Amino acid sequence: MITEAPLLDIKDLSVGLCAKNVAYDIVRNVGLTINHNEILALVGESGCGKSVTALSILQLQMSPPLFITSGSIVYDGRDLTKLSKSEMRSVRGSEIAMIFQDPMSSLDPMFTVGALLTSAAYAHQSVGKDVAEKMALEALADAGIEDPERRFNEYPFQLSGGVSQRVMIALALVNKPKLLIADEPTTALDVTVQAQILDRLKELSKNRGMSIMLITHNLGVVASVADRMAVMYAGEVVEMGAVSDVFDKPQHPYTTGLLGAVPRLGGAASDLTPISGRVPQPDELPIGCAFVDRCSRALVQCSTIRPILQVRGRAEVRCHNPVG
Amino acid sequence: MTAIVKQALLTFLLLMLSSLAVFAAIRLSGGDVTAARLPASATAEDRELFREQIGLNKPILVQYVNYLGKVVRGDLGNSLTNNAKISSLATEKIKNSLILGGAAIVMVFGVGIPLGMLAASRRNTWLDASISSVSVAGMAVPNFWLALLVVWLFSSTLGWFPSAGQGGFKYLVLPSLVLAAEGIALTVRMTRSAMLENLSQDFVRTLRASGLSESRIYFKHVLRNSLLPIISLAGLRVGQIVGYALVVETIFGWPGVGQILVNGVLRRDYPIVQFFSLVLVVVVILGNLAASAGYVLANPRLRK
């Protein structure tokens, strides 16, 4: 199991913003792996680069102004960054699918759910109308929609947020991908619906052996769903490991700060410790560690030498002076 | 059903009001109604007698009611200029104008939408810049001037198309082009901006993530979304073409409603003006109704 090559192997990925007068990386030297049959959570504050990282896997980042400036994204033995446009198109949806944060605006309002699902099927498989419709109805049922036949003929505006997100999931499932990237799939939804959607994703992962890359800023979601997690800060992965290890023994001061900022039931308000300061803008990053200005454990070398991600204990951490 | 009845009543009211407005306006705008029909040597008494004969000495409202009574009985009246029966003129004139206006409408959308799509897909290139600047020019240039320009270029200089008259496709090209010019320009710009706006919508990213090809996304999904605003303003395009038809038909000697109407106004030919201006009102109303119906049909939110 350990020797098996990961399903997705991102190495040293940098994504740069390149406009008229500016050029800087907003994702810097990110390394991530997702194994078969695994849920990896990518955690961080908004603007830390987690969505850009995810979008660049399928090369769906806004380009221009965003470009992959270095690194490789190896999926199933192929480097996705080297694929031609049409090769990339054939990967999207069939090998790696993606769902997004705001399901209501992410579905084309002019077409029925059925038309959207069948055209996703036609995009990858030369099947007849009957088969495509059957695939669509199956995907709707798999996504946990109770009345697939009815939803098939409905337009996106007739759906609630929760049902829209299930339709998005169905759209992702139609071609039976091996990896699902879910970019904050429950952020826009009610709490009860959130739990249902997350349960469904977890089930799908287990039943189909589908790996999921779950992007979220919600640590509760991470704890309940993911197997492994990667914490991102200012465009870098600062800590990565099994969820239980990271939660039990956070090593990077930023991770400890994140966990300290989560309210607990029965805890006093004074137990909450916010991280002081703010995330540096990508064009004003310090030379050393990106977290140095907010860090209570900073050493001299932290402001001059950029730490690298290295194995420490059971996790990997990018820090000169880790906790514990 | 109630919506249809309401629309029908509104349309009727609009027709009555506009007919009254035209009826009064042509009578209050001065000019001598007898000049066109009676010889220059006619005496003041003769002219007075003629006015009495056609009922011009009565109050306008009484004249209007009498006119309506005749129209209801199917009598549209005769031209004051040559005494021709209007009902026998109408078919030919309306048919000619529908050919010209129809050709213009087809060009507005058939040329405007593809050009707008082309400009949007080649955004910020020289092609986009040229299409956009030509369409700005198309909106800025008054059509009577454009008419003179194309006649000079394509007719006098190059000799490709006849400069005036009617008969065959060749005669249709220049007048319908001039008639459609502003509509084409507006449609190009609207299509371009709607396509670009929809291209940046979230749903496009979803379609890409599903593995749909760029051309499928562009020609099916983005286009379908972009057609809505274009359809919603199609009524305005019809109104514009109807308005410009007066100028264009006159310049190109196209024997349609616009031409006879302009001549009718110049000669104070009241029955001609009354009838043919109402024809234009009806066309504008029908155009707007068709546009509204098209908008409802094209928009799933309204259709359901």
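Visitor: Which residues of helix α8 of chain B are buried?

Guide: In this model, which is a predicted one, the buried residues of helix α8, covering residues 202-209 of chain B, are Phe203(B), Val204(B), Thr206(B), Leu207(B) and Ala209(B).

Visitor: And what do the buried residues of α8(B) pack against?

Guide: They pack against elements from both chains: β6 (96-99), α3 and α6 of chain A, together with α7 and α9 (214-232) of chain B.

Visitor: What follows α8(B)?

Guide: The helix is followed by Gly211(B), a residue whose phi is positive, near 90°.

Visitor: Let's step back to chain B as a whole. How many helices and strands does it have?

Guide: Chain B has 13 helices and zero strands, and if you read the elements from the N terminus on, every entry in the run α-α-α-α-α-α-α-α-α-α-α-α-α is a helix. Its C-alpha atoms fill a box of roughly 85 × 60 × 30 Å, taken along the principal axes.

Visitor: What share of its residues counts as buried?

Guide: Of the 304 residues in chain B, 42% count as buried. The accessible surface of the chain comes to about 15600 Å², and 67% of that belongs to carbon and sulfur atoms.

Visitor: Which residues make the nonpolar patch on that surface?

Guide: The patch, of about 950 Å², is made by Phe144(B), Trp145(B), Leu148(B), Leu149(B), Trp152(B), Leu153(B), Leu158(B), Trp160(B), Val247(B) and Ile251(B). Helices α6 (143-157) and α10 (234-251) of chain B each supply at least two of these residues, and the largest share, six residues, comes from α6(B).

Visitor: Take Leu148(B): why does it count as exposed?

Guide: Leu148(B), which is found in helix α6 of chain B, counts as exposed because its relative accessible area is 52%, and the cut-off for exposed is over 50%.

Visitor: Now the place where the chains meet. How much area is buried between chain B and chain A?

Guide: About 2300 Å² is buried between the two chains, with carbon and sulfur atoms giving 63% of it. The contact takes 21 residues from chain B and 27 residues from chain A.

Visitor: How many salt bridges are there between chain B and chain A?

Guide: The count between these two chains is zero, although the structure holds 19 salt bridges over all chains.

Visitor: What does Ser119(A) touch?

Guide: Leaving out residues up to four places away in sequence, Ser119(A) touches Leu212(B), Lys220(B) and His221(B). Ser119(A) is found in helix α3 (residues 113-124) of chain A, and at 5% relative accessibility this serine counts as buried.

Visitor: Back to salt bridges, then. Which residue forms one with Arg192(B)?

Guide: The partner is Asp128(B), and the two side chains meet at 2.8 Å, N to O. This pair links distant parts of the chain, since Arg192(B) lies in helix α7 (residues 168-199) of chain B and Asp128(B) in helix α5 (residues 126-140) of chain B, 64 residues apart. Asp128(B) is buried, with a relative accessible area of 3%.

Visitor: And in chain A, is Asp9(A), in its salt bridge, buried or exposed?

Guide: Asp9(A) is buried, with a relative accessible area of 16%, whereas Lys11(A) is partly exposed at 48%; their side chains meet in a salt bridge of 3.0 Å, N to O. Another pair in chain A is Arg278(A) with Glu284(A), where the closest N and O atoms are 3.1 Å apart. Here Arg278(A) is exposed, with a relative accessible area of 53%, and Glu284(A) is partly exposed at 44%.

Visitor: One more topic: how many residues are in the largest nonpolar core?

Guide: The largest nonpolar core has 119 residues, and those with the most contacts inside it are Leu8(A), Leu32(A) and Ile96(A). Helix α6 (residues 161-173) of chain A gives the most to this core, with eight residues.

Visitor: What is Leu32(A) in contact with?

Guide: Setting aside neighbours within four places in sequence, the contacts of Leu32(A) include Leu8(A), Asp9(A), Ile10(A), Met213(A) and Val237(A). Asp9(A) is thus a contact of Leu32(A) as well as a salt-bridge partner of Lys11(A).

Conventions:
Residues are numbered from 1 along each chain as its sequence is written. Chains are lettered from A and ligands numbered from 1 in the order in which they are written. This is a predicted model: local features need pLDDT of at least 70, side-chain atom pairs count only at pLDDT 80 or more; totals for chains, interfaces and linings use all residues. Side-chain values use heavy atoms; hydrogens and water are left out. A nonpolar core is a set of buried Ala, Val, Leu, Ile, Met, Phe, Trp, Tyr and Cys residues joined through side-chain atoms within 4.5 Å. Buried means under 20% relative accessible area, exposed over 50%, partly exposed in between (1.4 Å probe, protein chains only). Helices (H or I, at least four residues) and strands (E, at least two) are DSSP runs, numbered from the N terminus. Contact means heavy atoms within 4.5 Å. Patches are made of residues with over 30% relative accessible area and no salt bridge: like charges are joined within 9 Å, nonpolar side chains (Val, Leu, Ile, Met, Phe, Trp, Tyr) within 5 Å. Accessible areas come from the Shrake-Rupley method with a 1.4 Å probe; for residues, only the protein chains shown count as cover. A salt bridge is a side-chain nitrogen of Lys or Arg within 4 Å of a carboxyl oxygen of Asp or Glu. Buried area is the accessible area (1.4 Å probe) that two parts lose on being put together, summed over both.
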